Amino acid sequence: MKLIFLGPPGAGKGTLAAKAVDILNLPHISTGAIFRSAMAAATPLGLKVKAIVESGKLVDDATTIELVKERLAQDDTKKGYILDGFPRTIPQAQALAKFSSVDKVVNFELPDSAVLERLGGRRVCRKCGHNFHMIFDKPKKENVCDHCGGEVYTRDDDRPEAIEKRLEVYRAQTAPLIEFYRGKGLLVDVDARPAVDKVVENFKRSLGM
Ligand code: AP5
């Protein structure tokens, strides 16, 4: 099954994808995570995108499309994939349609007030990428990942001004994808407001599981 996870920043796409990987046995491909690991390793890609990602703006379409095209050409995606954070613009969606055909687009719905609460409290493991939250899902030991012992930190784009920018970019450039995919009969809506286990149930139901 080839799935796209769509939704505003902080809707829980990454958190749900980590659960869906076990349920569906598919690779999780997050463009945001690919950019962050390139930034951490200071590769040419990481150096190119660092200032853009940290400010909450989008990386240019050509760079992002090429990255995803190369990733989807790898063998592990033959049985399907969960594409998290791509496409994020209409040109990206049009490009994707030329090199892969998606089965469903899962649209995680969350109001802005909840976005601010989730991103404001988010902490991430630098080593394994696990998402924590200072209210909903705190690491047992302060700043230490429960899963791998890595350092837990606050993403640079989770500063209030970057969150505001990401929401603005989402409304202008990404939200139009909802009607784009609805028009193609591919969209399923999932209420992302409840606790994670309930959102997992909503997600499974949306796929008829
Ligand atoms: P990306 O990493 O994709 O950021 P995003 O879309 O803004 O999504 P987030 O990772 O912020 O949120 P999420 O929905 O995954 O929520 P999460 O599960 O973490 O992209 C980062 C940047 O990279 C972009 O701004 C851009 O610069 C660049 N980029 C990436 N893709 C691009 C593209 N295609 N084109 C151009 N540029 C691109 O959850 C958030 C928090 O809430 C966590 O703390 C979690 O623990 C908590 N939480 C989750 N679910 C629940 C729940 N149900 N109840 C309570 N708490 C919850």
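The structure, a predicted model, holds 16 salt bridges. Side chains of opposite charge can pair when their charged atoms come close. Three of these pairs are set out below with the separation of their N and O atoms.

| Salt bridge | N to O distance |
|---|---|
| R171 and D112 | 2.6 Å |
| R122 and D158 | 2.9 Å |
| K198 and E201 | 3.8 Å |

**Pairs across the chain**

R171 and D112 form a salt bridge whose closest N and O atoms are 2.6 Å apart. This pair links distant parts of the chain, since R171 belongs to helix 7 (residues 160-174) and D112 to helix 6, with their positions 59 residues apart. R171 has a relative accessible area of 44% and is therefore partly exposed. D112, with a relative accessible area of 34%, is likewise classed as partly exposed.

The salt bridge between R122 and D158 has its closest N and O atoms 2.9 Å apart. R122 lies in strand 5 (residues 122-125), while D158 sits in the loop between strand 7 and helix 7, so the pair ties together parts that are 36 residues apart in sequence. Buried means under 20% relative accessible area. R122, at 11% relative accessibility, therefore counts as buried, and D158 is buried with a relative accessible area of 7%. Both residues also take part in a network of salt bridges that links R122, R155, D157, D158 and R166.

**A pair within one helix**

The side chains of K198 and E201 meet in a salt bridge with an N to O distance of 3.8 Å. Both residues lie in helix 9, three residues apart, which is about one turn of the helix. K198 is partly exposed, its relative accessible area being 36%; E201 is also partly exposed, with a value of 44%.

**The ligand and its surroundings**

There are 35 residues around the ligand, of which T15, K57, R88, R122 and R166 come nearest. R122 and R166 are also members of the salt-bridge network described above. A polar side-chain atom of R122 lies 2.5 Å from an oxygen atom of the ligand. Nitrogen atoms of the ligand make further approaches: one is 2.7 Å from an N or O atom in the side chain of T31, and a polar backbone atom of P194 is 2.8 Å from a ligand nitrogen. The protein covers 96% of the 1000 Å² of accessible area that the ligand has on its own.

The shell around the ligand comprises 15 nonpolar, 11 polar and nine charged residues. At least two shell residues come from each of helix 1 (13-24), helix 2 (31-40), helix 6 (112-120), strand 6 (131-133) and helix 9 (196-206). Helix 2 gives the most, with four residues.

**Other features of the chain**

M134, I135 and F136 make a nonpolar surface patch of about 320 Å². Within this patch, M134 lies in the loop between strand 6 and strand 7 (152-153). M134 counts as partly exposed because its relative accessibility is 32%.

K104 is found in strand 4 (residues 104-109). At 29% relative accessibility, K104 also counts as partly exposed. The C-alpha atom of K104 is separated by 8.4 Å from that of L207, although the two residues are 103 residues apart along the chain.

Conventions: Residues numbered from 1 in each chain as written. Predicted model: local features only at pLDDT ≥ 70, side-chain atom pairs only at ≥ 80, totals over all residues. Heavy atoms only, no water. Near = heavy atom within 4 Å. Polar contact = N/O pair within 3.5 Å; in protein donor to acceptor, adjacent residues only side chain to side chain. Areas by Shrake-Rupley, 256 points an atom, 1.4 Å probe, with all protein chains shown as cover. Nonpolar A, V, L, I, M, F, W, Y, C, P; charged D, E, K, R; others polar. Patch = residues over 30% accessible without salt bridge, like charges linked within 9 Å, V, L, I, M, F, W, Y side chains within 5 Å. Salt bridge = Lys/Arg side-chain N within 4 Å of Asp/Glu carboxyl O. Buried < 20%, exposed > 50% of the residue type's maximum accessible area, 1.4 Å probe, protein only.
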